[in-house]
Amino acid sequence: MPPVKMRGVQRPHHIRTTILRLLSYMGSFKLLWPFVFICLIITAGAEVAGTYLLKPAVNNYILPFIGNKNPPLQGFMFLLLKLAVIYAAGCVSTYISSRLLLQISASTMYNIRRDLFKKQNTLPLEYFDSHTHGELMSLYTNDADTLRDMFSQSIPQLMTGFFQVTGIFVMMVCLSLSLTLVMLVSISGIVFLGTRLAKLSANAYRGQQQNLSKVNGYIEEYIEGQRVVKVFTREEKVSRDFEVLNEQLCKSGTSASTYASIFGPLMHNLSHLQYALVSGVGAVLVIMSVLDIGTIASFLQSIRSFSRPLGQLSQQFNAILNALAGAERIFKAIDEQSETDNGDVTLVNASEATLSRTLSKEKKLVQSFAYTGTWAWNSPKLGSIKKLSGEVIFKGVDFSYDGRKKVLSDINLHVKPGQKIALVGSTGSGKTTITNLLTRFYDINDGEGIITYDGIPVKSIKKADLRRSLSMVLQDTHLFTDTVMENIRYGNLEASDYQVYEAARLANADTFIKHLPQGYNTVIKGDGSNLSQGQRQLLAIARAAVASPPVLILDEATSSVDTRTERLIEKGMDSLMSGRTVFVIAHRLSTVRNADCILVLENGRIIEQGNHKELLAKKGRYYALYTGAFELE
């Protein structure tokens, strides 16, 4: 098996590129954005207008009314009515813009998740072998959650705040340029302190995300391997290891939360200082008769309106940085190189057609658009379709997963149609790698030999069609959360219920299935945790049987079952393997005695080959393995 590589959480090095890419996702909703901007402008305009009307309210009505026992209220009431209408319009536009932004954000998140999942379906097996489950799951959980929060909270506040701040700033310049300059000088100091603190906070949040990914990955591995933990009584060890990771997460989380908790109150108190400074300067200007009280009242209210969206944006700053880091990791996964497939040979249904000639009748294989049970290779280069017979040839094949250490060296084998080939050898000898190359989970490079399938180089066959001609039963079975019926039908989605029943009988799974609470309609959960390992293996074999493939690969298919169940499986598999090319990887040598050819591998080389009797007569490695003089590891 290929080596597993750990990938650390990367820092967001390309923030600008990430932002532009997020904007490109959100830009697909072109029809909604004009309405969003119009509503945001109305909201900002209502905020500005409502604040500006304080000036005439104070100067024209409130101050003149002081000491007047019967002031004329018509004009003042009309002013209040205008305020009510303006704020009502602001409320309606705020609701509409928020609703539209939420729709855009939710749809954007949907598109990103769709693209991520769709892309991962196209990635080669090497990608999944080199990334832990915890890393891959964190893309859909931690990173996606932070991105969702940014879309649903930060971006709406950012856009609303931008229009509000812009509108209020223009009004402040119109009210008093001198007070605006005082406000800008004071706010520049606030922004400087906030920026320094934000950098420290961003580093703390990145550390928190990295440690959170490690903790989640460790927990997932523990849950998957908890049986092994209990068997070897390693509860104390995993608890100690978890304590180390959890403590690191606690420290980084405490640091991040500390900066976050300081950030808000600091900005809030600094805004109070700014308000007091502007108030003092404004009071001096009023005393000097440079400004009137109405202008000061309106300007001070503008500062409140100006500081509020700035404060909200500053509180969202850390969340935005955190979300951008997550978005960068998601986009990096989306940008991974898809599995290359340069093949042009396809797999088609075929049937024999009789061609009438003058004195004779000739049968010719032709493509059929209905299921016939006969398969053929079709390609413009072939000239005509070629029947799939199951002949496999490895010629001078070398292979390395990492480009340095060879896993296979000079593999030569010729598997004739219908032959049963057994691969035996110690762990790491290259048995599974041979099947990985046949299925094109991995490809050999040019100059490292050639693999042909019915005389066609496997690189010339489309991967999907190549894999449709094969069916695998792996040692580690995987069952989906669905009924027993649908888990078996996964091998052939077009299979009828009758075909599923026949496949289960063939795999000798029918008996135990009928004893389940709902029989074939029993829902399997937790990867079949309510079934024994042998029962799960039987379902996996039934799944392969319903696919009815021309070529079978059995990778330790009976290693997890008892001797009695193994005999039942072998009895059913004899019928399934009849007329098919079969590759069997096995540690139990009793299961390969009737193989047409047995290949003994060691350190990536074929050191012996022949049938059971021939290899015993040689009294070499196979003889030592079979008689117990040498054990497989």
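The following questions and answers concern buried and exposed residues in a predicted model.

The model is predicted, so local features need pLDDT of at least 70 and side-chain atom pairs count only at pLDDT 80 or more, while totals for chains, interfaces and linings use all residues. Residues are numbered from 1 along each chain as its sequence is written, and side-chain values use heavy atoms, without hydrogens and water.

Visitor: Is serine 471 buried or exposed?
Guide: Serine 471 lies in strand E10, residues 470-473; strands are DSSP runs of at least two residues (E) and helices of at least four (H or I), numbered from the N terminus. Buried means under 20% relative accessible area, exposed over 50% and partly exposed in between, with a 1.4 Å probe and protein chains only. Because its relative accessible area is 9%, serine 471 is buried.

Visitor: Which element gives the most to the largest nonpolar core?
Guide: A nonpolar core is a set of buried Ala, Val, Leu, Ile, Met, Phe, Trp, Tyr and Cys residues joined through side-chain atoms within 4.5 Å. Of the 39 residues in the largest one, Ile488, Ile513 and Leu539 touch the most other members. Elements giving two or more residues to this core include helix H13 (484-489), helix H15 (510-514) and helix H16 (533-547). With eight residues, the element that gives the most to this core is H16.

Visitor: Is leucine 20 buried or partly exposed?
Guide: Leucine 20 has its place in helix H1, residues 15-26. Because its relative accessible area is 45%, leucine 20 is partly exposed.
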